[in-house]
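Q: Please take a close look at the binding site in this entry, and then place it in the context of the wider architecture. A connected account with the cut-offs stated would be appreciated.

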Amino acid sequence: MTIGIWILGNQLHSEQAALLSCKNNKQETPVIFIESHNYIQEKPYHQQKLVLVFSAMRHFAEELSSQGWQVSYKIAQDFEPSLNAWINQHKITELRLVTPCDRPFSRLIESFKLDCQIKFIPNNHFLWSQAEFKQWNDSRKRLLLEDFYREGRKKFNILMEGDQPVGEKWNFDKQNRKPPKQNLNPPTPLWFEPDEITQQVIKDIKSYKIATYGKIEPFKWGVTRSQALQVLEHFLENNLNNFGTYQDAMVTGEYTMWHCLISPYINLGLLTPLEVIRKIEKAYDEFDYPLNSVEGLIRQILGWREYMYGIYQLMDDDYRDKNWFNHQETLPEFYWNSEQTDMNCLKQILQQVEETGYGHHIQRLMVLSNFALIFGVSPQTINDWFHSAFIDGYDWVMVPNVIGMGQFADGGILASKPYAASANYINKMSDYCKNCVYQKTKRTGEKACPFNFFYWDFLARHQDKLKSLGRMNLVLANLKKMDSEELQEIQSQAQQWREEH
Ligand SMILES: Cc1cc2nc3c(=O)[nH]c(=O)nc-3n(C[C@H](O)[C@H](O)[C@H](O)COP(=O)(O)OP(=O)(O)OC[C@H]3O[C@@H](n4cnc5c(N)ncnc54)[C@H](O)[C@@H]3O)c2cc1C
Ligand code: SF4
């Protein structure tokens with residue numbers, strides 16, 4: 001029997017399960033990587049995402065070659081013919097690969113007619129396996145991040161003293177999420193110059209005549225495990241101290257604040273979640289960093305990241321099609337071109353995404369996704385846009401974050417209320433409103449902030465549904481108090497704005 005291993009672009013770790021299963025037989029195990037032209041045309045992806053994935057694949061292929069694996073690297077139109085040619089060349093009888101995180105990709109592979117049998121090895125890039133998450137869920141009456149996170153802290157013994165949480169509390173969120181003060185001075189992120197391999201990938205992408213999004217240069221992301229580890233170390237030394245405090249703050253021109261920028265690397269497999277968590281814990285022990293920052297970040301990786309993956313795997317295939325509010329609007333054109341909006345918050349963040357493929361959580365949730373929600377964009381359309389635009393976007397992470405959390409399209413499986421907000425929130429958490437042509441306090445008339453009239457229009461349109469969510473009672477009471485003429489004006493202004501965009 002000859003086993004061959006196919007490595008996907010987000011499985012770039014030498015401890016990944018398929019490689020581990022053959023590690024004592026490197027020289028005799030053919031390994032293949034494939035860049036498929038057709039696949040990258042499924043969406044107009046951010047050019048830097050294509051560069052990141054292909055460059056990281058090419059670097060990892062070299063690394064495996066130098067370790068003695070028999071590596072083939074193909075640039076092809078399609079996966080299937082390349083796989084069959086390689087299977088026949090090496091007389092492979094079993095094609096082995098780690099189960100893809102993304103369901104559509106699994107379906108694609110299952111549709112291939114291959115000249116050998118195929119074996120999926122369970123994905124070991126998450127702390128919780130699919131079966132363990134399901135078992136946890138089956139043992140409970142409710143799905144709740146907080147419960148899952150605490151279980152994870154105990155299961156992996158993270159920030160624990162015996163069976164109690166370090167600091168006697170599980171959650172320090174109250175100390176986090178401060179609005180930005182004046183003269184904040186966030187640390188400079190660690191970026192890299194493109195090496196020869198990356199420069200070649202940039203040339204290749206430029207030469208393909210395909211629809212893409214965003215700017216390809218300057219490309220500053222790391223593309224190897226060693227660079228990803230440097231980014232993590234840089235973060236631990238310079239950012240972790242203040243990570244929690246300004247986790248939700250947004251400041252013009254400060255793209256990354258105190259965030260760690262590791263999602264592109266962890267999602268590709270260049271870093272593993274457990275090693276990241278252990279290093280954060282170690283930094284806490286060594287440098288006595290504030291617990292609110294340390295716990296806040298561990299909650300994101302051990303809690304949210306694993307939870308989103310678990311939910312994605314648990315839900316039926318139709319989860320991605322959910323549309324609780326029955327939103328059908330198309331996406332305003334400016335999402336594809338920041339020049340086309342004069343709303344300063346959106347303009348700043350869209351510009352940043354075009355330049356880097358990155359935005360932090362609150363920029364994504366409370367500005368980009370929030371606006372699409374209150375405007376009434378179809379959840380699937382905004383999901384596709386996020387998937388195209390972000391450097392760290394994959395189906396498994398986009399679907400729960402955008403369909404579930406951002407758009408509340410699942411009617412409350414993932415969140416207990418919609419993340420809908422007016423200019424009030426954006427003004428509190430950012431400096432964007434200071435330099436905007438719109439007035440943050442106005443709800444109607446010339447210069448009224450669109451976040452305001454769309455917010456109240458959203459509440460009015462969906463009040464019957466929202467009544468069923470206890471946490472919306474207070475805002476619905478405010479809606480009730482609103483003068484009916486003003487509400488009418490809000491609704492017609494929202495409708496007019498929709499028609500113009
Ligand atoms: C609408 C929307 C879309 C998103 N799309 C993506 C996406 O395509 N890819 C992606 O990795 N994350 C996504 N997220 C989650 C989160 O915003 C990003 O992981 C984070 O902003 C990445 O930047 P960072 O590494 O600097 O994050 P930091 O805040 O500095 O670090 C937190 C780390 O925790 C993990 N994490 C935290 N929250 C989540 C979450 N909700 N889901 C998954 N991982 C989480 C990430 O690995 C991240 O690196 C999305 C969130 C929203 C609301
Ligand atoms: S006023 Fe409105 S559009 Fe302008 S920055 Fe503030 S929230 Fe955004």
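**The ligand site and its setting**

A: At the site of ligand 1, a polar side-chain atom of His-259 lies 3.0 Å from an oxygen atom of the ligand. This is a predicted model, in which local features require pLDDT of at least 70, side-chain atom pairs count only at pLDDT 80 or more, and totals for chains, interfaces and linings use all residues, while side-chain values use heavy atoms, with hydrogens and water left out. Residues are numbered from 1 along each chain as its sequence is written, and chains are lettered from A and ligands numbered from 1 in the order in which they are written.

Backbone atoms also approach ligand 1. A backbone N or O atom of Ile-262 lies 3.1 Å from an oxygen atom of the ligand, and for Ser-263 a backbone N or O atom likewise lies 3.1 Å from a ligand oxygen. There are 27 residues around ligand 1, of which Cys-260, Leu-261, Tyr-358, Met-398 and Asn-401 come nearest (a residue is near if one of its heavy atoms lies within 4 Å of the molecule).

As to the wider architecture, the protein is divided into domain 1 (3–121), domain 2 (130–187 + 239–314) and domain 3 (320–500), with bounds from an automatic or database domain assignment. The C-alpha centres of domain 1 and domain 3 lie 38 Å apart. Their contact (heavy atoms within 4.5 Å) takes 13 residues from domain 1 and 17 from domain 3.

Between them, domain 1 and domain 3 bury about 1200 Å², 55% of it on carbon and sulfur atoms; buried area is the accessible area (1.4 Å probe) that two parts lose on being put together, summed over both. In domain 1, Lys-43, His-46 and Lys-49 lose the most area to domain 3, together 42% of what that side buries.

Eight residue pairs, both members at pLDDT 80 or more, are in polar contact across this interface. A polar contact is a pair of N or O atoms within 3.5 Å; within protein, one must be able to donate a hydrogen and the other to accept it, and residues adjacent in sequence count only if both atoms are side-chain atoms. Zero salt bridges are counted between domain 1 and domain 3, a salt bridge being a side-chain nitrogen of Lys or Arg within 4 Å of a carboxyl oxygen of Asp or Glu.

The structure nevertheless holds 25 salt bridges. One of them joins the side chains of Arg-58 and Glu-35 (2.7 Å, N to O).
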